[in-house]
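Me: Got a model here I'd like to walk through. Can you help me read the strands?

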Amino acid sequence: MRTLFTRRQFAFGCSATIAAGFVYSRSAIGDGARFDTPLPIPKLIEAAGIGNTIKLQVTPGRHAFVKGKLASTYGYSAAVLGPVIRVRRGDEVQMTIENALDRITTVHWHGLLVPGDVDGGPHQPIKPGDVRRLALKIDQPAATNWFHPHPHHDTARQVYMGLTGMLIVDDGSSAHLRLPQTYGADDLPIILQDRSFERDGSLGYNPSPMVTAYGSRGDTIVTSGVIRPFAKVPRALVRLRLLNGANARNFDLRFSDERVFHVIASDGGFLAEPVGASQLRMSPGERYEILVNFADGKAVTLETGPDTEIGLFGALTEHAAESAYVPVMRFEPSAAPGTVNLLPTRLVEPAALDPSGAIARRRFVLDSGMAAGSESCGSGGGKMTINGKSHDLARIDASVRLGTTEIWEIVSVGMAHPFHIHGASFRVLSINGQSPPAYLMGWKDVVLVEGNAELLVAFNRPARASFYVSLPHS
């Protein structure tokens, strides 16, 4: 049996720049660094507790990112963002999606290993007023995933308007490892994004050619739908499920006191053991789970540094002047002790794969078309391509065999690209010829490529209709 994929969604969630004339309006929010808004905790939908039947409505809404100033937004059964859905490995979840927007959308289950005909890519549009029903068979290890729209030519804008939700796969490992798992207390979902605002508090989004090509980068960090929130946490280990849901920004995370935290999981699930770190870079679409020890009782701020991976045209924007770390949110330990204080020494060993068993080797060149010497520069200009071809929904560029592995070399030209595959996972073999850092050693479905990366890709799910390779937001 063969698994087919179409190109592109080698999705260009390009971490680069935004166009001149894009609205930057710090005056809408002021420059104070107060943390006076509680971290929003989305509604948790336990699929198994409601018969594994879930309904989502994709709907317009109104939300105050800036206090007292409502903005037009989109959400999943909410004014903005959406619920956290938790599913169990081995279950089949019946999803019903109603499109209450005035335009086509889709719902892509980013990170779920499901067949291509229920993946929610651009080949499965949901027209305004239509209802889509599908069954998701959950057959993968525990992981933090997410869902977002993926309509052709409108993904970035719809994500910017608020369509982002988190999806957690549970296989019992958290309980076995005695990890924090009290939702909203010591197990916190955190969605990292950035936005720019008009003076009236509305979202500033300019679909100019440069924004379309390089992604929209805001001047204000937005955390789970609010600006500079705080979270009360126990004096113990706390698990943060981090999702970079931005259109283009890479987050370079650290704590203000530069404390060490431990990475326990990435896109595809647990690492073999906790990896100590004091800094963590996340590109669009990536997820990491980290354990942070708040036993000292000291309040601390999560910060992000300047995005240095903004590509060839970074110097043309005011983001080139970024040099300082800025606040993301604040954690305030409570007086009460927590329930988890012991860091596990071992987690879950990722399934071993032997690169020598790969049946093919492929090379994919991601070209923004803006760099001197690029294949498309000067021949139409600014055309984003993979291996010299722009996207065509009707074209299939390659086929792979179900149940096999291949080695893919991903090359970026002119800028850093977050590279994402739909319906498949990979292991990072090397980045620019070097072994990847320890926190990238697990199963992944997104990797930031500046230069080249070598991936061992496992094809374990049928594509049926088509199989996508996609950049997060395009």
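Reply: Sure. One term before we start: two strands pair if DSSP finds at least two bridges between them. Also, this is a predicted model.

Me: Okay. In which sense do strand 4 and strand 5 pair, and over how many bridges?
Reply: Antiparallel, over seven bridges. Strand 4 covers residues 53–66 and strand 5 covers residues 69–76.

Me: Which residue is the bridge partner of Pro60 in strand 5?
Reply: Tyr74.

Me: And what do strand 4 and strand 5 form?
Reply: A hairpin, with two residues between the strands. Gly68 sits in the turn and has a positive phi of about 80°.

Me: Switching to the open sheet of five strands. What's the order?
Reply: The order is 24-23-26-30-28, and the pairing is mixed.

Me: Which are the edge strands?
Reply: Strand 24 (385–386) and strand 28 (425–431). Each pairs on one side only.

Me: How many bridges link strand 23 and strand 24?
Reply: Two, in the antiparallel sense. Strand 23 spans residues 361–367. Asp367 stands opposite Thr385 in strand 24.

Me: Zooming out. How many helices and strands does the chain have?
Reply: Three helices and 31 strands.

Me: What share of the residues count as buried?
Reply: 61% of the 474 residues.

Me: And the surface: how much does the chain expose?
Reply: About 17,400 Å², with carbon and sulfur atoms supplying 51% of it.

Me: Last one. Of contacts between residues at least 6 apart in sequence, what share join residues at least 24 apart?
Reply: 80% of those contacts.

Key. Residues are numbered from 1 along each chain as its sequence is written. This is a predicted model: local features need pLDDT of at least 70, side-chain atom pairs count only at pLDDT 80 or more; totals for chains, interfaces and linings use all residues. Side-chain values use heavy atoms; hydrogens and water are left out. Helices (H or I, at least four residues) and strands (E, at least two) are DSSP runs, numbered from the N terminus. Buried means under 20% relative accessible area, exposed over 50%, partly exposed in between (1.4 Å probe, protein chains only). Contact means heavy atoms within 4.5 Å. Accessible areas come from the Shrake-Rupley method with a 1.4 Å probe; for residues, only the protein chains shown count as cover.
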